[in-house]
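Please open the model in your viewer and keep the sequence panel beside it, since each stop on this tour asks you to select something and then look at what is there.

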Amino acid sequence: MPFITTSKSGPLNWLEGFALTTILQGFPIFAAASLMVKLVGHDGGGSHALTIAMASMFYSCLAIWAGSTFPSFANAHEPLFFDASLSFSEKIARWRAKPATSMQLVASVLLLSLLAASVG
């Protein structure tokens, strides 16, 4: 018996893509930047968590817009996150299966580990 897959609604699919872009692509960048600022010793007195969250969301909005508008920004935008036919976990699994993603994750882990060891 063949299974019929239904697509998600537009707003739910966009929210999933936005959340995945924010968490998996934007958050590591700005967490590393926050650790670098802390390592240098410049503490502006603001909340680092709020700064990271706001910057990650801004990055996601910009990456989604630029990636869908300009093909040259393909590295900043992951179209797979916005495929309505995939479930949330399938989007993550397919993204992780890409060779470039593996390299990105290893680089992020190494950078964050080095910075955390330096700051801590």
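Select helix α4, residues 99-119, in what is a predicted model. Helix α4 holds 21 residues, and the distance from its first C-alpha to its last is 30 Å, close to the 30 Å expected at 1.5 Å a residue. Within this helix, colour Thr101, Ser108 and Leu115, which are buried. When you look down the axis of α4, these buried residues fall within an arc of 75 degrees, so they line one face of the helix. Now turn to the face of α4 that points away from the buried side, where you will find the exposed residues Pro99, Met103, Val109, Leu110, Leu114 and Ala117. To see what covers the buried residues of α4, show α1 and α3, which are among the elements that do so.

Next, select threonine 101, which has its place in helix α4. With a relative accessible area of 3%, threonine 101 is buried, because buried means under 20%. Once residues up to four places away in sequence are set aside, threonine 101 touches Trp95 and Arg96. If you add glutamine 25 to the selection, you can compare two kinds of separation, as threonine 101 and glutamine 25 are 76 residues apart in sequence and 9.9 Å apart in space, C-alpha to C-alpha.

Glutamine 25 also leads to the pocket. The largest pocket has a volume of about 290 Å³, and of the 19 residues that line it, the closest to its centre are Gln25, Asn75, Trp95, Ala100 and Gln104. Which helix gives the most to the lining of the largest pocket? Helix α4 does, with seven residues, and both α1 and α4 each supply at least two residues of the lining. Sorted by class, the lining has 11 nonpolar, six polar and two charged residues.

Move now to helix α1, which spans residues 10-40, and pick out proline 28, which lies in this helix. Is proline 28 buried or exposed? At 18% relative accessibility, proline 28 counts as buried. Not counting residues up to four places away in sequence, proline 28 touches Ile23, Ser108 and Leu112; of these, Ser108 was already met as one of the buried residues of α4. For a sense of distance, draw a line from proline 28 to serine 9, which are 19 residues apart in sequence and 29 Å apart in space, C-alpha to C-alpha.

Staying in helix α1, select glutamate 16, which is found there. Glutamate 16 is buried, with a relative accessible area of 12%. Leaving aside neighbours within four places in sequence, glutamate 16 is in contact with Lys8, Phe81, Phe88 and Lys91.

From that list, follow phenylalanine 88, which is found in helix α3. Phenylalanine 88 counts as partly exposed, at 37% relative accessibility. Apart from neighbours within four places in sequence, phenylalanine 88 is in contact with Lys8, Glu16 and Leu20, and Lys8 also appears among the contacts of glutamate 16. Measuring to histidine 48 in your viewer gives another separation to look at, since phenylalanine 88 and histidine 48 are 40 residues apart in sequence and 28 Å apart in space, C-alpha to C-alpha.

The next selection is helix α2, residues 48-69. At 1.5 Å a residue, the 22 residues of α2 should span 32 Å, and its end C-alpha atoms are 31 Å apart, which agrees. Colour Ile52, Ser56, Tyr59, Ser60, Ala63, Ile64, Ala66 and Gly67, which are buried in α2, and then show α1 beside them, for the buried residues of α2 pack against α1.

Finally, clear the selections and view the whole protein chain. What does its secondary structure come to? The chain has four helices and zero strands, and, read along the sequence, follows the pattern α-α-α-α. Along its principal axes, the C-alpha trace spans about 60 × 25 × 25 Å. Of the 120 residues of the chain, 28% count as buried. Among contacts between residues at least 6 apart in sequence, 72% join residues at least 24 apart.

Notes:
Residues numbered from 1 in each chain as written. Predicted model: local features only at pLDDT ≥ 70, side-chain atom pairs only at ≥ 80, totals over all residues. Heavy atoms only, no water. 1 Å grid on protein atoms, 1.4 Å probe; cavity = no way out; pocket = protein on both sides within 12 Å on 5 of 7 lines; lining within 4 Å. Points joined across faces, edges and corners; volume = space filled by probe spheres on them. Nonpolar A, V, L, I, M, F, W, Y, C, P; charged D, E, K, R; others polar. Expected span 1.5 Å × (residues − 1). Buried < 20%, exposed > 50% of the residue type's maximum accessible area, 1.4 Å probe, protein only. Arc of directions from axis to C-beta. Contact = heavy atoms within 4.5 Å.
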